Amino acid sequence: MSLWKHYLLPTSIQEAVDALSELDGTSAVIAGGTDLLLDLDQGRHPPVDTMVDITRIDELQQVRVEPEGIFIGAAVTHNEIIHNPVLKENVRCLVEGCGLIGGPQVRNVATIGGNVAHALPAGDGTIALVALDAQACIVNSEGETWLPIGDLFAGPGVTTFDRSRELIKGFRIPLSGPGEGSAFDRVMRPQGVAIAILNMAVWMRFASDGSIESARIAVGPGGPTPFRAHALEDLLSGRIIDADTLHESARTLQDEIKLRTSPYRATEAYRRHLIATLLDRTIGRISAQLLE
Ligand SMILES: Cc1cc2nc3c(=O)[nH]c(=O)nc-3n(C[C@H](O)[C@H](O)[C@H](O)COP(=O)(O)OP(=O)(O)OC[C@H]3O[C@@H](n4cnc5c(N)ncnc54)[C@H](O)[C@@H]3O)c2cc1C
């Protein structure tokens, strides 16, 4: 049985969004297909009449430095992200998160835009982009809009934009400045290939006296949408990293996050326990980066 009837390969963003608009909700954007084809095959996605493949659109494949920051096209693959020197230098948590996704075959075709558009609360690339406070560009036949990445998610697998009529063009992240660093880590089931038991991305900026000037922490799954730990971020502001700070950080995050027991992955209690481990690992790695 065929999973679609027609397959388009547009070579410009305008061509793609015009096709989506004309097809009026009967189409789906496809990038690497690593989520979409399984969802179609297993009945989690409604039938698709026309696939609009965005992997021939040059602008969606680009990583470039612009005056506002680094632009990462939505169809850039995880493999391209992990080998890009500008990204390695500036957005370490994204490189680390994308480097853990699937295996080499998946990373060769799966894209950062697909990870975000799939809208799972614990997508590894997504959690890294949330900690980096990325902006996302949504395009439709009327034009484009930049939004904070957190505004794209409405629930598990549900986006605030219409995936059958709009597409993500790409993401924008500020270049890294002095005293800034980031790290990503996760815990998987030993046989797990897709979604983490718990993942975490941390971005920090340190003042010259060694105190934390600003921090952003994202954790998944920590609720129906990718979770940003605002209470912990407030606690960390102005603090020095020591055993007391790490202990209080774990308590604060355990209080603000909404963890649950999943029959396939882990209990709520085990996820709660992992918070301290992931905070220790990520914050420890950021401190080490800043000494490099
Ligand atoms: C074996 C295996 C292991 C995996 N391991 C991991 C893992 O460790 N961590 C993890 O986070 N994920 C994992 N995944 C999930 C998946 O690989 C990622 O989410 C991947 O980034 C999806 O990208 P894609 O290009 O394949 O998306 P696709 O499957 O092409 O698309 C996914 C969804 O996004 C939409 N879409 C795609 N691009 C756009 C766009 N630019 N604009 C609007 N909508 C768009 C599609 O219509 C579809 O609804 C795994 C999957 C497999 C099969």
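Helices, in what I am about to say, are DSSP runs of H or I with at least four residues, strands are DSSP runs of E with at least two, and both are numbered from the N terminus. With that, α7 is the element that gives the most to the shell around the ligand: four residues.

What we have here is a predicted model, so local features need pLDDT of at least 70, side-chain atom pairs count only at pLDDT 80 or more, and totals for chains, interfaces and linings use all residues. Residues are numbered from 1 along each chain as its sequence is written.

Now the rest of the shell. A residue is near the ligand if its C-beta atom, placed from the backbone, lies within 6 Å of it. There are 29 residues around the ligand, and A31, G32, G114, N115 and A117 come nearest. Besides α7 (112–117), β2 (27–30) and β10 (167–173) each supply at least two residues. By class, the shell has 16 nonpolar, ten polar and three charged residues. Nonpolar means Ala, Val, Leu, Ile, Met, Phe, Trp, Tyr, Cys and Pro; charged means Asp, Glu, Lys and Arg; the others, Gly among them, are polar.

Next, domains, with bounds from an automatic or database domain assignment. The protein chain has domain 1 (6–53), domain 2 (59–173) and domain 3 (196–291). Domain 1 and domain 2 each give at least three residues to the ligand shell.

Last, domain 2 against domain 3. Contact means C-beta atoms, placed from the backbone, within 7 Å. By that rule, 18 residues of domain 2 touch 18 residues of domain 3. On the domain 2 side, α8 provides the largest share, six residues.

Terms used. Contact = placed C-beta atoms within 7 Å.
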